[in-house]
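Here are some short exercises, each with a worked solution. Please have a look at the chains before you start.

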Amino acid sequence: RRRDSPPPPPQDSVERIVEDAAMDLSLNPFSSGTRLRDMIRAIRASKTAAEERAVVRRECAAIRAAISDNDQDYRHRNMAKLMFIHMLGYPTHFGQMECLKLIAASGFPEKRIGYLGLTLLLDERQEVLMLVTNSLKQDLNHSNQFIVGLALCALGNICSAEMARDLAPEVERLLQTRDPNTKKKAALCSIRIVRKVPDLAENFMGSAASLLKEKHHGVLISVVQLCTELCKASREALEYLRKHSVEGLVRILRDVSNSSYAPEYDIAGITDPFLHIRVLRLMRTLGQGDADCSEHVNDILAQVATKTESNKNAGNAILYECVETIMGIEATSGLRVLAINILGRFLSNRDNNIRYVALNMLMKAMAVDTLAVQRHRVTILECVKDADVSIRKRALELVYLLVNDTNVKPLTKELVDYLEVSDDDFKEDLTAKICSIVEKFSQDKLWYLDQMFKVLTLTGNFVKDDVWHALIVLISNAPELQGYSVRSLYKALQASGTQESLVRVAVWCIGEYGEMLVNNISMLDVEEPITVS
Amino acid sequence: HPTRSRPPSTDADPRRWHSRLSAILPSLATGCHPVRPRRQIRAATPTRPRSSSRASADLRGRRPSLAMINFVLLISRQGKVRLTKWYSPYTQKERTKVIRELSGLILTRGPKLCNFVEWRGYKVVYRRYASLYFCMCIDADDNELEVLEIIHHFVEILDRYFGSVCELDLIFNFHKAYYVLDEILISGELQESSKKNVARLIAAQDSLVEAAKE
């Protein structure tokens with residue numbers, strides 16, 4: 001460079017990269033433009049959105065030109081670029097047909113990126129997708145198992161109902177293939193097919209049941225999941241699987257639960273927790289409403305519930321599923337007690353995740369054994385004050401379900417006390433819940449009034465209009481409490497007048513019953529006289 | 001032998017300032033708290049997530065999802081999308097909206113909170129690994145603890161594949177990250193519980209690609 005020319009731009013700047021590319025082009029007019037990684041670097045080096053758009057525009061133009069020239073050599077790279085651009089949020093419709101061309105090519109690398117492009121750039125609603133059906137059919141019959149795998153994966157991720165119907169026979173056939181990796185993909189693909197076209201469920205139930213004898217874990221977890229799906233899709237499949245698969249499932253779970261250390265599947269000291277969980281889930285589906293099936297799985301559930309270590313997340317995930325299953329089937333009372341105990345332990349776990357999950361489960365347990373859940377009331381109340389907003393919300397909902405005639409007063413007191421110190425975001429939910437509880441149990445009018453006055457004082461602004469309207473209605477229908485009401489409200493107003501609803505109610509009362517206020521009329525035992533001028 | 005591809009070392013972006021995910025992979029033995037990354041987290045005032053009852057109507061009341069995992073999302077601390085995979089039907093517009101909402105919801109959560117957020121009647125399980133948030137959206141009655149394990153399964157496999165994976169690997173080799181994901185999940189369901197098997201399958205396919213280049 002001549003000495004008086006400007007210094008070269010820094011290595012990573014957009015200018016430099018564009019300069020390099022321009023140099024490339026000028027030296028070699030047939031150059032294909034930037035490499036994928038250079039495009040990514042250029043985009044990352046853009047300092048403004050406008051710069052980025054310029055880079056993307058330039059690249060898209062080059063790709064469009066290559067597409068219209070039917071360029072073969074760089075189709076692969078252009079697809080990769082298109083996917084990256086798509087991920088940034090830019091439109092890439094013009095590239096959709098390129099996916100089809102790549103998929104139709106004969107080589108594995110082209111098909112691999114073509115199928116990936118298909119699942120990223122398209123979704124099932126697009127008609128272009130239908131054009132792939134033929135290629136898919138051919139690839140599902142390919143001699144190269146990896147190509148079959150690509151097709152199964154694409155079909156499993158994105159097929160529409162029509163494609164599902166068209167290609168179901170191929171997938172069914174592939175369930176019987178020898179290669180376990182193909183089998184597992186076929187099983188998962190079948191799940192999607194059955195979800196899209198539930199009528200086809202009966203076609204798969206025979207194969208699914210017999211595949212439960214497999215040893216390969218990948219196949220097992222896929223097939224067990226397929227069975228669960230079949231049960232949801234078809235009554236007939238559910239009955240069939242109840243008859244033919246329960247023994248097999250118990251055996252699978254027992255084997256994996258008793259298995260010694262298997263490094264390939266070990267997670268935190270447990271062999272293949274994923275398999276445990278899937279089998280447990282299927283047992284729940286089969287045992288729901290079926291006493292026979294529930295009896296068969298009783299022992300293994302007890303074993304898993306007692307044996308599984310609960311100091312790691314993997315173990316807790318299994319226990320969670322186990323408890324869900326016990327709650328969902330016709331379990332013995334012994335088993336249910338076991339389940340609730342696990343929940344109790346979860347509830348006092350230091351780990352936020354576990355506590356959150358426990359609260360969730362306890363809500364479901366309410367339907368099964370309310371008394372058992374009531375025993376954990378104190379801990380649940382503590383969770384209402386937790387630092388974590390997700391936990392607070394769950395706990396509050398649960399508390400709301402736990403309220404009954406015996407515990408409503410202490411529970412409400414706790415909630416109102418907490419109302420004072422809670423975060424603003426939570427105040428709204430909490431206020432709504434308290435008002436709802438209080439209204440439901442408002443036979444004791446004096447108590448109801450006390451609670452409402454407190455709430456109005458603390459968070460009146462969050463109190464809904466119909467709530468304080470109802471309050472006014474009650475006061476006007478309860479002559480013996482009108483004096484008390486107006487005096488309490490007056491005192492509250494003196495202490496704090498910031499809450500608008502409080503002011504409204506108070507002013508209305510004073511307007512209606514001002515006399516009682518000034519003259520201390522109809523005082524209750526609990527009151528002390530006040531002077532108002 | 002397939003060469004595991006790494007971004008070329010002549011690349012201008014120095015890798016040294018990107019924390020390695022593997023060095024910070026939290027050991028699940030110590031519980032589920034996401035490990036605090038080495039970089040200081042700016043203590044910004046967190047904006048509280050809006051309650052789901054105020055979610056806009058268009059995505060509510062959607063037909064039941066088709067999969068256990070509805071979508072997978074990888075976002076950086078700055079909200080940049082590194083990977084998305086959708087197993088339930090979402091239009092492009094809906095996808096952008098979802099990403100924007102979830103980024104706002106998740107990126108502002110403090111480190112000590114639980115790994116689950118409720119969003120539009122679904123649950124989103126997320127976990128932070130160094131500068132990346134791995135998120136998976138599931139139905140309200142699915143097992144979120146298991147999904148945490150699935151996320152970790154995915155991360156460990158990526159780590160094994162890329163060799164001490166970091167965010168840059170996932171940026172420059174995003175298509176390979178997708179290939180790995182496709183060996184782990186299909187239609188939102190788990191496909192393989194053996195990390196060794198996944199690695200073997202990817203390696204075999206990579207060598208097919210290498211062989212075709214010659």
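**Cysteines and the contact between chains**

At 0% relative accessibility, B:Cys137 counts as buried. Keep in mind that this is a predicted model.

**Exercise 1.** Work out how many disulfides there are over all chains.

*Solution.* Start with the cut-off: two cysteine sulfur atoms must lie within 2.5 Å to count as a disulfide. Next, take A:Cys227, whose closest cysteine sulfur belongs to A:Cys231, 6.8 Å away and therefore too far for a bond. A:Cys227 is also buried, with 0% relative accessibility. Over all chains, the count is zero disulfides. B:Cys137 fits this result, being in no disulfide, with the nearest cysteine sulfur, that of B:Cys135, 9.9 Å away.

**Exercise 2.** Find out how much area chain A and chain B bury between them, and which residues of chain A lose the most.

*Solution.* First, the total: chain A and chain B bury about 6800 Å² between them, and 55% of that is on carbon and sulfur atoms. Then turn to chain A, where A:Met87, A:Arg112 and A:Phe274 lose the most area to chain B. Together they account for 11% of what that side buries. Finally, list who takes part: 79 residues from chain A and 75 residues from chain B are in the contact.

**Exercise 3.** Count the salt bridges between chain A and chain B, and look at one of them.

*Solution.* There are nine salt bridges between the two chains. One salt bridge joins the side chains of A:Arg394 and B:Glu118, at 3.4 Å from N to O. As a last step, sort the side of chain A that touches chain B by class: 31 nonpolar, 19 polar and 29 charged residues.

Key. Residues are numbered from 1 along each chain as its sequence is written. Chains are lettered from A and ligands numbered from 1 in the order in which they are written. This is a predicted model: local features need pLDDT of at least 70, side-chain atom pairs count only at pLDDT 80 or more; totals for chains, interfaces and linings use all residues. Side-chain values use heavy atoms; hydrogens and water are left out. Contact means heavy atoms within 4.5 Å. Buried area is the accessible area (1.4 Å probe) that two parts lose on being put together, summed over both. A salt bridge is a side-chain nitrogen of Lys or Arg within 4 Å of a carboxyl oxygen of Asp or Glu. Ala, Val, Leu, Ile, Met, Phe, Trp, Tyr, Cys and Pro count as nonpolar, Asp, Glu, Lys and Arg as charged, and the others, Gly among them, as polar. Buried means under 20% relative accessible area, exposed over 50%, partly exposed in between (1.4 Å probe, protein chains only).
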